[in-house]
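Q: I'd like a close look at one part of this thing, residue by residue and with the distances. Could you take me through what touches what, and then carry on from there?

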2 protein chains.
Amino acid sequence: MARNVRHQASSSTAQRAQTRLRDMILAGELAAGTDHLESELAERLEMSRTPVREACVLLQGRGLLEVRPRKGVRILPVSPADMEEIYDVLTELETLAARKAAEAGLPERALAPLTRALDDMETALAADDRAAWADADQRFHHELVRLGGNRRAMDIVEMMSDQVARARQTTLYMRPAPDRSNADHRAVLDAIRAGDAGRAAARHRAHRQYAKAMLIELLKTHRLSNL
Amino acid sequence: MARNVRHQASSSTAQRAQTRLRDMILAGELAAGTDHLESELAERLEMSRTPVREACVLLQGRGLLEVRPRKGVRILPVSPADMEEIYDVLTELETLAARKAAEAGLPERALAPLTRALDDMETALAADDRAAWADADQRFHHELVRLGGNRRAMDIVEMMSDQVARARQTTLYMRPAPDRSNADHRAVLDAIRAGDAGRAAARHRAHRQYAKAMLIELLKTHRLSNL
DNA sequence: GCATTAAATAACGCATACGTAAAATAATGC
DNA sequence: GCATTATTTTACGTATGCGTTATTTAATGC
């Protein structure tokens, strides 16, 4: 879980492969359920197989793909059942973070990025700019977990978020206006500010559980069985 | 997170490297804080650098080591602060599992491995056989998470357990007799059997929090700052 | 046409070679 | 002796080649 920069000057080829592949997977450019030979990916990325294989090993460890010899690297789809799992893990670890952040009695200064994200969410909601809202939402969650101070939890949450990214992007315009998300986040922030760990945790848990139920319902309603 | 067997007949060299290195790390044969060149590890494992590198990438992703170019692969020590993080993550995800298992209304048959592990823990306690107790304890936790039915949570718990394995082994004979652990586990099992999700979760959380506090106290008391 | 066997092709894991950059060592100057 | 510079050595990331094995294709027999 340590972050490692292999070259001081610029990232290594394997690192670039990892980033490119991750991006392509999250964007759906490497579509869920598709198979790709190492050689194909190597051509596409304009490098040899060696760094591609290394990137694939790593991304497999993060649950984005499955290395299947002779059948190709399979981009893992995310089913509603997968969403359940992912959201359960996210809920637990983010709720832990909310509790820890509230317990920590952080100065207002430390809450600034969280506050800014929430403000941006509200601006985006008022402008009905879903893309901007999603970006701010992501930032809010990221900051929340960072404030929780558990680096491992942070990395796991990041991993889970990656797994769920495509589904969230796909359903972004299908879901109702995120008034409730904004309100929930505001309540969580207020509780953290007030040092009320119990309330921060409870409000955040409720938020995540609502989001989970809504997202899974959307997937089922629209027959999106494997994103 | 998918498990992949690369060769049907027997495991690949890279897979063997991964297993060997993991075992050596957990056993302290590759001691915490030490650096090892890829070439050294390759010699030791009697293979070329290629599978060793692959194994190291993977083990880095699981938090057991850090790949540092030109300084060697560093075996990551676990400090009391690391223990805090790890136990917090474990606590949240195992508590989720306990709740889910209780909610699932599982037949007695499904609880058999959990029950067996607990019985073995009690046998070991009566015989003052700490090694046997630790083994049964590990099994209990593993089964509990498996019963929770969240594959991702299970993999994360496994990853965290690996990170904490050396410290647990080192402190196994320092800690008080694990009467309380056995009692806690019995209470968790009973709550699951009764379908009492709230109680299963609460008892398990309390158990993990007690264990965390005790372990960290042991580390500090014995000046074991990086295991 | 279908099943079986044989042959060809291709993907893979791995070992090795190589260019590059980092680290270590040696040489030089004050 | 210490700082600086030059040279040598070494570790690394990567590309490539190769033996093995899995898959595909072709040939054969009924």
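A: Let's start with His204(A): leaving aside residues up to four places away in sequence, its contacts are Glu94(A), Thr95(A), Ala98(A), His141(A), Leu144(A) and Val188(A). Keep in mind that this is a predicted model. One of those neighbours gets a polar contact too: the side chains of His204(A) and Glu94(A) come to 2.7 Å. As for where the histidine sits, His204(A) belongs to helix H9 of chain A, which runs over residues 197-221. The relative accessible area of His204(A) is 0%, so the residue counts as buried, the cut-off being under 20%. For a bit of backbone geometry, take Leu189(A): from C-alpha to C-alpha, this leucine is 9.5 Å from His204(A), with the two positions 15 residues apart in sequence numbering.

Now over to chain B, where Arg205(B) lies in helix H9, again residues 197-221. With a relative accessible area of 17%, Arg205(B) is also under the 20% limit and therefore buried. Its contacts cross between chains: Arg205(B) touches Arg99(A), along with Thr91(B), Glu92(B) and Thr95(B) in its own chain, again not counting residues up to four places away.

Then there's the DNA. Around strand C you'll find 17 residues, and the closest are Arg49(A) and Arg70(A) from one chain plus Thr13(B), Ser48(B) and Thr50(B) from the other. Of the strand C atoms that come within 4 Å of the protein, 65% belong to sugar and phosphate. By residue type, the surface near DNA strand C splits into seven charged, six polar and four nonpolar residues.

Some individual atom pairs are worth pulling up in your viewer. On the base side, an N or O atom in the side chain of Thr50(B) is 2.8 Å from a base nitrogen of DNA strand C, while the side chain of Arg49(A) puts an N or O atom 2.9 Å from a base oxygen. On the backbone side, Glu38(A) has a side-chain N or O atom 3.5 Å from a phosphate oxygen of DNA strand C. Zooming out to elements, those that give two or more residues to this surface are helix H3 (49-61) of chain A, plus helix H1 (13-26) and helix H3 (49-61) of chain B. H3(B) supplies the largest share, with three residues.

Methods: Residues numbered from 1 in each chain as written. Chains lettered and ligands numbered in written order. Predicted model: local features only at pLDDT ≥ 70, side-chain atom pairs only at ≥ 80, totals over all residues. Heavy atoms only, no water. Near = heavy atom within 4 Å. Polar contact = N/O pair within 3.5 Å; in protein donor to acceptor, adjacent residues only side chain to side chain. Helix = DSSP H or I, 4+ residues; strand = E, 2+ residues; numbered from the N terminus. Nonpolar A, V, L, I, M, F, W, Y, C, P; charged D, E, K, R; others polar. Buried < 20%, exposed > 50% of the residue type's maximum accessible area, 1.4 Å probe, protein only. Contact = heavy atoms within 4.5 Å.
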